[in-house]
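Please read the sequence alongside the three-dimensional structure shown here, and keep both in view while working through the paragraphs below.

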Amino acid sequence: MAPSAIIAFTGLLSLLHLASAVAVPNHQDNVEPRQATCAPVPSAGKYPTWSQLPLQTTMPDPFLPLAYTTTDNAAGSSSFAQDVMSGKGKNRIQTPEEWYQCRQPEIIQMLQEYQYGYYPDHSQETVKSTRSGNTVNIEVTAGGKTGKFSATLALPSGASSSKPAPVVINIGGMSNQPYLQAGIAIVGFDYTRVASDSNAKTGAFFDIYSGRDIGSLAAWAWGFHRTLDALNASVPEIDPNRVGVTGCSRLGKGALAAGLLDKRITLTMPMSSGVQGAGPYRYHGLSGQDETLENSKQGAPWWSDSTLGTFVNHAENLPYDAHTIAAAIAPRALVIDQGTGDQFTNSKGTSVIVHPAAKLVYDFLGAGDKIAMSVRSGGHCDMSGFNSILPFVTHILQNATLTKNYNDLGSYGSPMATAYPWATAVPKPA
């Protein structure tokens, strides 16, 4: 059969985009959620510098708004930093409504300021999708400029417009066959065509947004999102409501950003992602090569915006850590994969600190079953990781019965609760 070509245009605002919070769940029909009073949020470029933030040697309290974290709140108290770290800060989030209406969008904006750079306004973009066989060509236009890249599609047997399959979008490659056999479509795109993995700042994203202070992680996240736009427009064999995103190492960092910045992503799957991903800035030496903010910023400064560089040698003044990124994805699903033999990233820190700290927020929101930690043997970006997380993937995307305990941290043992002392003060909604 000759390849078919389908052309479609999209450009209206996507189902998230950024500051709009995820809808608050579990309210009865026709009952409006209580409107929360949110803490003030700085405008872009006006955020506190490292010197205006307390030194936090433990993982920051995700329930404490930034406005009440800055040192000008200390009022001469010698215990201010300790109070902030231990969950005794003032005006903490108390309810899921406050989290969704106030804290979640605050975190998403804060992460753009301090780490990713500010994501473009998708409502100003037009996406053109042209499908020919298993290739989907994607053309994005905004402000009179155009960027182009393509994605490759692999459909499982039986997928059709009347029986669409869930999809995992990946960059850098993955273990395809187990997923296809499970009935999950696989789509990949060349991330280097979206944004170079270098200071060159070339690729489709920068063809449109040249000169912006935005890292390649956010640019790759944009590539995931525009690929999803194109699939929704021209591949009816894919279910747009069952979508996973994944990548490994630096590409896992990009996948985590993709899941954070678009609520259409059902399941986020960062693999061996390390610092600027699911690896902690604090407690960085528990395993691996001692990956830090400093050496990651020195080796690949283009991953993030320039603001993150101002925290070099001051990482413990950051008002967030990897658990904050993970928690902001809730209540959508997240599975983190790490190998105990990973010679690069801090697998132990991710497993015993980041995951359990983020899970406390998921539990607070009634979504504790939507976060998983996959601890396996093997090294960095070992393809066995994709098999290790597959039971959780099929559980989330296909409602399959979960057959594996993803709270089991294997040889790492138990969570390191001393790293997040605010755990004893998690709010208890009425």
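The text that follows turns to paired strands and then to two charged side chains, in what is a predicted model.

Consider the strands, beginning with strand 3 (residues 135-142) and strand 4 (residues 145-154), which run antiparallel to each other and are joined over 8 bridges. Within this pairing, Val136 has Ala151 of strand 4 standing opposite. The hairpin that these two strands form has 2 residues between the strands, and Gly143 adopts a positive phi near 60° there. Strand 4 also pairs with strand 6 (residues 185-189), again in the antiparallel sense, over 4 bridges, and in this pairing Leu153 has Val187 of strand 6 as its bridge partner.

Turning to the charged side chains, Lys297 belongs to helix 8, which covers residues 293-299. Lys297 is buried and nevertheless has no salt bridge, since the side chain of opposite charge that comes nearest, that of Asp305, is 5.6 Å away, whereas a salt bridge is defined by a distance within 4 Å. What the side chain of Lys297 does make is a polar contact, at 2.8 Å, with the side chain of Ser304. Beyond its neighbours within four places in sequence, Lys297 is in contact with residues including Leu308, Gly309 and Val312.

Arg332 is placed in the loop that runs between helix 10 (322-329) and strand 9 (333-339). Arg332, too, is buried without a salt bridge, and the nearest side chain of opposite charge, Asp262, is 6.7 Å away. A polar atom of the Arg332 side chain does, however, lie 2.9 Å from the backbone oxygen of Ile265.

Methods. Residues are numbered from 1 along each chain as its sequence is written. This is a predicted model: local features need pLDDT of at least 70, side-chain atom pairs count only at pLDDT 80 or more; totals for chains, interfaces and linings use all residues. Side-chain values use heavy atoms; hydrogens and water are left out. Buried means under 20% relative accessible area, exposed over 50%, partly exposed in between (1.4 Å probe, protein chains only). Lys and Arg count as positive and Asp and Glu as negative; His and the chain ends are not counted. A polar contact is a pair of N or O atoms within 3.5 Å; within protein, one must be able to donate a hydrogen and the other to accept it, and residues adjacent in sequence count only if both atoms are side-chain atoms. Contact means heavy atoms within 4.5 Å. Two strands pair if DSSP finds at least two bridges between them.
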